[in-house]
Amino acid sequence: MGRHAQADADYKRSKGLAGGNLSPRSFHLNHFSSSLQWQYKSLVQFRLSYNHAERAPDVNELYAGNNHFAIITEENGDDKLNPEIANSLEAEAKISYQGFTLVANIYNNYFYNYIYLAHTGLSNPGGFVEKEWRAAGTEISGFEITLQYQKKWDYKQVVQFEGFADLVKNKNTSDDEMRQWAEGNYMPNLPTSRYGMQVRSDIRRLNFNVAYTQFMKQKYLGKNINLEKAMPAYTMLSAQIGYLFPLRRYQVVAFISGNNLLNVEARPQNSPLKYLAPLPGRNLSAGLKIKI
């Protein structure tokens, strides 16, 4: 796999760690995986898997050198970056009984040369924060747990309840002094832990969906040179109701949906724009969907 950049007269060369030489690169990558699975009838299932994956740096990670307006950042690549290597171990257990399904998943991913966009502590004259693509050792671990219950009378009448919770940590395992100074013990902008529930139902031609999710306040704070600020916890509530009817030879669904029905100020910890703007407030929409 190769990467090669051809700059035109308007391209600004990167101020990244490699000096912006736009050096052509060639990568030879390896991937392999293995898994072990055990199942007892349809009641219990256990799976253990291991994966080794290698990823070549993207073009922007190698050669970027301009303002990135979507994230209000001056993005600077490093054309000496090595492939990102991940060794992943995952265990999953599943129990099913009389309409109930419990799934628990735990994982640990260790990255060599984890590629991330790092703060430099500087801003350019246009007000864009200057960041550089760097690489260092990182460990990503977490768990997910889901409990479902489904009641089905016939193929036209189904109700499903679901509860869930998850957690993720992105830990700095590098002894790089620059990274420790700039990012700290954890990567900044981590997704927060969350839990919630969802109800879905199809009753003849009528269907509805209600979802509730609680996003927790972040405990695993990194640094953006200075210590990252934890955004407040928030709750998201959404709902949709629809009605299915035939129209000539098509099936049409008329629906009304609403998001952020509690109209909370939600600033996701993993959003690069969380200090500038929250997620949209309460919004309602209506429409038609045609099944072709």
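Is glutamate 132 buried or exposed? In this predicted model, glutamate 132 is buried, with a relative accessible area of 11%, where buried denotes under 20% relative accessible area, exposed over 50%, and partly exposed the range in between (1.4 Å probe, protein chains only). Residues are numbered from 1 along each chain as its sequence is written, and side-chain values use heavy atoms, with hydrogens and water left out. Because the model is predicted, local features need pLDDT of at least 70 and side-chain atom pairs count only at pLDDT 80 or more, whereas totals for chains, interfaces and linings use all residues.

The search of the whole structure yields 10 salt bridges, a salt bridge being a side-chain nitrogen of Lys or Arg within 4 Å of a carboxyl oxygen of Asp or Glu. One of them joins the side chains of glutamate 132 and arginine 134, with an N to O distance of 3.1 Å. Arginine 134 also counts as buried, at 9% relative accessibility.

A further salt bridge, at 2.8 Å from N to O, is formed by the side chains of arginine 194 and aspartate 166. This pair links distant parts of the chain: arginine 194 belongs to strand β11 (residues 194-203) and aspartate 166 to strand β10 (residues 157-172), 28 residues apart. Strands (E, at least two residues) and helices (H or I, at least four) are DSSP runs, numbered from the N terminus. Aspartate 166 is buried, with a relative accessible area of 16%, while arginine 194 is partly exposed at 32%.

The side chains of arginine 267 and glutamate 265 likewise meet in a salt bridge, at 2.9 Å from N to O; glutamate 265 is exposed, with a relative accessible area of 58%. Elsewhere, Arg3, Arg55, Asp58, Glu61 and Glu84 are joined into one network by salt bridges that share partners.

The largest nonpolar core comprises 10 residues, including Ala86, Tyr107, Phe111, Tyr114, Ile140 and Met187. Such a core is a set of buried Ala, Val, Leu, Ile, Met, Phe, Trp, Tyr and Cys residues joined through side-chain atoms within 4.5 Å. Strands β8 (100-123) and β9 (129-154) each supply at least two residues of this core, and β8 gives the most, with five. Apart from this core lies another, of eight residues, among them Leu22, Ala56, Tyr63 and Trp133.

Tyrosine 114 touches Glu84, Arg134, Ala135, Ala136, Thr138, Ile140, Asn170 and Met187, not counting residues up to four places away in sequence; contact here means heavy atoms within 4.5 Å.
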